[in-house]
Amino acid sequence: MLDINLLRQDIETVKKQLSYKKFDLDIARFNFLELERKNIQVQMEELQAKRNSHSKQIGILKSKQEDASHILTEMTDINNNLQVLEHEFQKNQNELSDFLSHIPNIPDKSVPLGENETQNQEIRRFGVPRDFEFTIKDHVDLGGALDNQIDFELGVKLSGSRFYVLKKQIAKLHRVLAQFMLDTHIDKHGYTEMYVPYIVNKDALFGTGQLPKFEEESFKINKNDTDAYLIATAEIPLTNLIANTILKEEDLPIKMVAHTPCFRSEAGSYGRDTRGMIRVHQFDKVEMVQIVDKDKSNDALEELTHHAESILQALNLPYRVMLLCSGDTGFQSAKTYDLEVWIPSQNTYREISSCSLMTDFQARRMQGRVRKNNKNELVHTLNGSGLAVGRTLVAVIENYQNIDGSITIPEVLRKYMGCDVIR
């Protein structure tokens with residue numbers, strides 16, 4: 001959530017900055033709510049001053065043993081009017097809060113201006129796509145030929161479209177990839193492993209910005225007559241661990257990592273990537289979250305992005321790093337790098353990780369603060385996939401396929417798998 005003082009001080013500049021994200025800030029609505037707030041506050045202050053004055057008069061009259069009934073009657077009227085105004089003020093505050101909750105984060109000055117993904121900026125590349133000397137297959141056909149170890153029919157049977165079942169060595173490779181990612185981030189990058197709930201309440205989704213903006217993308221469930229949601233990413237429970245908390249300066253930075261399933265309804269994406277494992281309703285992800293001092297968040301974003309890249313480098317998978325333009329940067333994010341891995345069957349790079357700096361946008365929603373210089377300041381939050389396990393599995397299967405349909409195991413995974421090849 002943006003600082004309301006930014007809108008009060010220079011709303012035209014904020015409107016222009018938000019237009020780069022294709023968001024049209026309703027200045028008239030904000031000005032109406034602000035004027036209403038001021039008017040109510042003035043009336044409340046006048047009544048409170050009268051009440052204080054009357055209280056003194058009542059005290060004087062009573063000390064003189066004189067009649068104060070007429071002033072007591074006025075006090076009753078004042079209190080009744082104050083109660084009405086307090087109700088109106090709370091309604092106004094709720095409307096202001098709702099207004100602010102729909103406004104995205106302002107893009108960082110270093111973010112290139114643009115309308116959509118075609119205007120994202122390539123920062124660097126790693127590796128060269130393999131030159132296959134045979135006709136390649138995609139992961140669907142490769143998995144099917146390997147004794148149906150990727151089974152989409154069973155997924156449909158159990159749950160419907162955009163689900164799948166993994167078996168045998170492919171299932172093990174999926175598990176091994178997650179284990180390798182966790183080991184790398186914990187042992188080499190200094191993250192603390194966390195195990196978190198996969199079901200969260202509304203407050204948690206509001207805190208990280210999924211609500212109210214992305215409610216249709218979420219899987220809602222009913223838990224004890226209360227709305228709850230399956231997590232779309234471990235970012236939600238991990239970041240919310242600092243909600244309504246005042247941290248000590250020496251606590252920062254906080255670096256956490258978790259492996260969880262993720263659930264997304266993919267509303268509005270029907271007709272896109274309907275074949276295979278690229279866009280599904282349930283997938284696993286290893287997620288990194290950092291909580292840092294506001295002065296160190298830009299450096300933290302570069303660090304976190306390199307941590308995600310290290311997994312792709314260790315697996316020797318070709319990829320590129322893209323700096324998202326303003327129009328493609330997410331609702332909560334001020335700046336995002338996407339890592340895109342090479343998918344041979346599609347002859348293109350596909351997103352496998354997003355690494356984002358949220359500045360104080362999430363911290364303000366969840367009131368995550370740090371005690372610094374004898375005052376409380378909002379922290380900055382960051383998150384990044386390290387990596388999406390299913391898409392990494394797809395990339396490994398396709399990039400390491402052989403002419404006979406077998407899959408060579410990347411060298412760094414062989415001690416985990418106990419074999420060199422899946423046949």
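How many residues in the lining of the second largest pocket are nonpolar, polar and charged? I will come to that in the second point; here are my notes on the model.

1. A word on origin and overall shape. This is a predicted model. The protein chain holds 12 helices and 18 strands. Its radius of gyration is 27 Å, well over the 22 Å that the globule rule gives for 423 residues, so the chain is more spread out than a compact globule. Along the principal axes, the C-alpha atoms fill a box of roughly 105 × 45 × 40 Å.

2. Now to the opening question. The lining of the second largest pocket divides into eight nonpolar, four polar and five charged residues. In total 17 residues line this pocket, and Gln17, Ile106, Pro107, Asp108 and Lys109 are the ones nearest its centre. The volume of the second largest pocket comes to about 440 Å³. If you plan to look at it on screen, those five residues nearest the centre will take you there.

3. The domain division is worth having at hand. Domain 1 covers 26-101 and domain 2 covers 117-422. Taken over C-alpha atoms, the centres of domain 1 and domain 2 are separated by 51 Å.

4. On packing across the whole chain, 51% of the 423 residues count as buried. Take the contacts between residues at least 6 apart in sequence: 73% of them join residues at least 24 apart.

5. Helix α11 deserves a look. This helix spans residues 389-399, and 11 of its 11 residues are buried, so α11 is largely enclosed by the rest of the structure. Among the buried residues of α11 are Arg391 and Glu398, along with Val389, Leu393 and Ile397.

6. Ala258 is a good place to inspect strand packing. Where does Ala258 sit? Its place is in strand β9, residues 254-263. Is Ala258 buried or exposed? Ala258 has a relative accessible area of 1%, under the 20% cut-off, so it counts as buried. Leaving aside residues up to four places away in sequence, Ala258 touches Leu182, Met194, Ala234, Leu238, Lys285, Val286 and Glu287. The C-alpha atoms of Ala258 and Val196 are separated by 7.5 Å, while the two residues are 62 residues apart along the chain.

7. Next, peptide bond geometry. Most peptide bonds are trans. Leu252 and Pro253, however, are joined by a cis peptide bond with omega of about 0 degrees. Pro253 is in the loop between β8 (245-248) and β9, and β9 is the strand that holds Ala258. A cis peptide bond also joins Leu211 and Pro212, where omega is about 5 degrees. Pro212 is found in the loop between α7 (202-208) and β6 (219-223).

8. Lastly, backbone phi values. Most residues other than glycine have a negative phi. Which sign does phi take at Arg162? Arg162 is not a glycine, yet its phi is positive, about 70 degrees. Arg162 lies in the loop between α5 (152-159) and β3 (165-166), and with a relative accessible area of 11% this residue is buried. Asn316 also has a positive phi, near 55 degrees, and is placed in the loop between α9 (297-314) and β11 (319-323).

Technical notes: Residues numbered from 1 in each chain as written. Predicted model: local features only at pLDDT ≥ 70, side-chain atom pairs only at ≥ 80, totals over all residues. Heavy atoms only, no water. 1 Å grid on protein atoms, 1.4 Å probe; cavity = no way out; pocket = protein on both sides within 12 Å on 5 of 7 lines; lining within 4 Å. Points joined across faces, edges and corners; volume = space filled by probe spheres on them. Nonpolar A, V, L, I, M, F, W, Y, C, P; charged D, E, K, R; others polar. Domains from an automatic or database assignment. Helix = DSSP H or I, 4+ residues; strand = E, 2+ residues; numbered from the N terminus. Buried < 20%, exposed > 50% of the residue type's maximum accessible area, 1.4 Å probe, protein only. Contact = heavy atoms within 4.5 Å. Rg over C-alpha atoms; globule rule 2.2 N^0.38 Å.
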